Amino acid sequence: MDILEIRKIKKRFGGVLALDSLSLTIRKGEITAVIGPNGSGKSTLINLLTGVVPWDQGVVAIDGVLISELSMEEVAEYGITRTFQEVRLFEQITVLDNILVILTSRSLWGSILERHSKLHLKQAEDVLKTVGLWDKRGDLVVNLSYGQRKLLEISRALAMKAEIYLFDEPFAGLFPEMTKLVASVLEGLRVQGKTVVLIEHNMDLIRQLSDWVCVLDGGTLLAEGRPEVVLSQREVIEAYLGD
Ligand SMILES: Nc1ncnc2c1ncn2[C@@H]1O[C@H](COP(=O)(O)OP(=O)(O)OP(=O)(O)O)[C@@H](O)[C@H]1O
Ligand SMILES: [Mg+2]
C-alpha cells in the first residue's frame with residue numbers, strides 16, 4: 001500500500017529547479033532509500049514533505065488524502081517526522097531534556113520547569129537506551145561529540161512516535177559502532193511496520209537496509225526498483241560518477 005504519493009512536484013529556488021515534476025510513491029512498512037548526486041533534490045524532497053518549505057506545483061497524497069500545501073502542524077497530525085542533514089538540537093539543555101521537550105510538547109522552558117510524569121521519563125529512557133545515550137542523559141548537548149549529536153537527533157525522531165520517518169543522511173560521519181546502532185534502529189522501525197525514507201550515499205548500507213531505491217538526478221526520478229537491480233544500472237552508476 002502507498003502511504004506517500006508525490007505527484008508532479010515542482011520546486012524552484014531562484015534560478016534552480018530543485019524538483020522538476022517529480023513523481024514517486026513510498027510504500028507503507030518499507031525502507032525506501034532516496035539516492036542521487038549532490039544537489040539532486042533529496043533534502044528538498046524531505047523539506048517539502050515536512051512543511052519546512054512550500055512547493056510550487058503538484059500534490060502529495062498521504063494515506064490517500066490529497067494535500068496541495070503542508071504546514072508543520074499537519075505534518076505532525078499525519079504522523080511524519082524527520083532528522084535534518086545538519087543536526088538541529090537545543091544546545092544549552094541536557095540530553096534528557098531534549099527528549100522530554102518532545103514528549104511533553106510544551107514550550108521549551110515550560111517543559112524544563114515541569115515535573116515530569118513517570119511515563120515520560122520511562123519513554124525518554126527507552127529512546128535514549130535505543131541509541132546508547134542513556135548514560136549521557138545529564139550532559140549538555142553542546143558537550144556531545146558529532147556522532148552523539150546525530151544519535152540524539154535520531155532518538156528525538158523516535159520519541160515522536162510517528163508513522164513515517166524521514167532520515168536525511170543519518171549515517172554521515174558516524175564511526176562503525178554508531179553506524180551499526182543506527183542501522184538496527186532503522187531495522188527496528190521496519191519490524192514495527194513503520195515507513196522509513198532514508199537518504200544515504202553509502203551503497204553497502206543501501207543494499208543492507210532498503211527494500212526499494214529511488215534515484216534522483218536533477219530533481220527528477222532517474223530510476224527506481226529493488227536495490228540489487230537499481231544499483232547495477234549503468235545510468236545510475238554514471239549519475240554518481242559524473243558527480
Ligand atoms: N533553501 C534553499 N535556497 C536556495 N537553494 C536551495 C535551497 N535548498 C536547496 N537549494 C538548491 O536546490 C538544489 C537541490 O538541493 P538539495 O539540498 O535538495 O540537494 P541534495 O540532493 O540533498 O544534495 P546533498 O547530497 O548535497 O545533500 C541545489 O541546487 C540546492 O543548491
Ligand atoms: Mg541533502
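In this predicted model, the shell around ligand 1 is made up of three nonpolar residues, eight polar residues and one charged residue. The residues that surround ligand 1 are Phe13, Val16, Ala18, Gly36, Asn38, Gly39, Ser40, Gly41, Lys42, Ser43, Thr44 and Gln85. Phe13, Val16 and Ala18 belong to the nonpolar class, and Lys42 to the charged class. Two elements, strand 2 (16-27) and helix 1 (42-49), each contribute at least two residues to this shell, and helix 1 gives the most, with three residues.

At the level of the whole chain, the domain assignment gives domain 1, which is formed by two segments (1-79 + 163-243), and domain 2, which covers residues 87-161. The C-alpha centres of domain 1 and domain 2 are 26 Å apart, and the contact between them involves nine residues of domain 1 and nine residues of domain 2. On the side of domain 1 that touches domain 2, helix 7 (residues 176-191) gives the most, with four residues. By class, this side of domain 1 contains eight nonpolar residues, one polar residue and no charged residue.

Helix packing was examined for helix 3, helix 5 and helix 6. Helix 3 (residues 95-104) and helix 6 (residues 146-159) have axes that come within 9 Å and cross at roughly 25°. Because angles under 35 degrees count as roughly parallel, helix 3 and helix 6 are therefore described as roughly parallel to each other. The crossing in which helix 3 passes helix 6 is right-handed. Helix 3 contributes Val95, Asn98, Ile99, Ile102 and Leu103 to this contact, while helix 6 contributes Leu152, Ser155, Arg156 and Ala159. The contact of helix 3 with helix 6 comprises six nonpolar residues, two polar residues and one charged residue.

For helix 5 (residues 118-130) and helix 6, the axes likewise come within 9 Å, and the crossing angle is roughly 135°. Helix 5 and helix 6 are therefore oblique to each other, and their crossing is right-handed. In this contact, Gln123, Val127, Leu128 and Thr130 of helix 5 meet Ser155, Leu158 and Ala159 of helix 6. The residues involved divide into four nonpolar, three polar and no charged. Ser155 and Ala159 of helix 6 thus appear in the contact with helix 3 and also in the contact with helix 5.

The remaining pairing described here is that of helix 3 with helix 5, which pack at an angle of about 120°, with their axes 9 Å apart. Helix 3 and helix 5 are therefore oblique to each other, and helix 3 passes helix 5 in a right-handed crossing. From helix 3, the contact is made by Val95, Leu96, Ile99, Leu100, Leu103 and Thr104, and from helix 5 by His120, Gln123, Ala124, Val127 and Leu128. This contact of helix 3 with helix 5 has eight nonpolar, three polar and no charged residues. Val95, Ile99 and Leu103 of helix 3 take part in the contact with helix 5 as well as in the contact with helix 6. On helix 5, Gln123, Val127 and Leu128 are found in the contact with helix 3 and also in the contact with helix 6.

Notes. Residues are numbered from 1 along each chain as its sequence is written. Chains are lettered from A and ligands numbered from 1 in the order in which they are written. This is a predicted model: local features need pLDDT of at least 70, side-chain atom pairs count only at pLDDT 80 or more; totals for chains, interfaces and linings use all residues. A residue is near a molecule or strand if its C-beta atom, placed from the backbone, lies within 6 Å of it. Axes are lines fitted to C-alpha atoms, for helices over the stretch in contact, and angles run from 0 to 180 degrees between N-to-C directions. Angles under 35 degrees count as roughly parallel, over 145 as roughly antiparallel, 65 to 115 as roughly perpendicular and the rest as oblique. A crossing is left-handed if the near helix is turned anticlockwise from the far one by less than a right angle, and right-handed if clockwise. Two residues are in contact if their C-beta atoms, placed from the backbone, lie within 7 Å. Domain bounds come from an automatic or database domain assignment.
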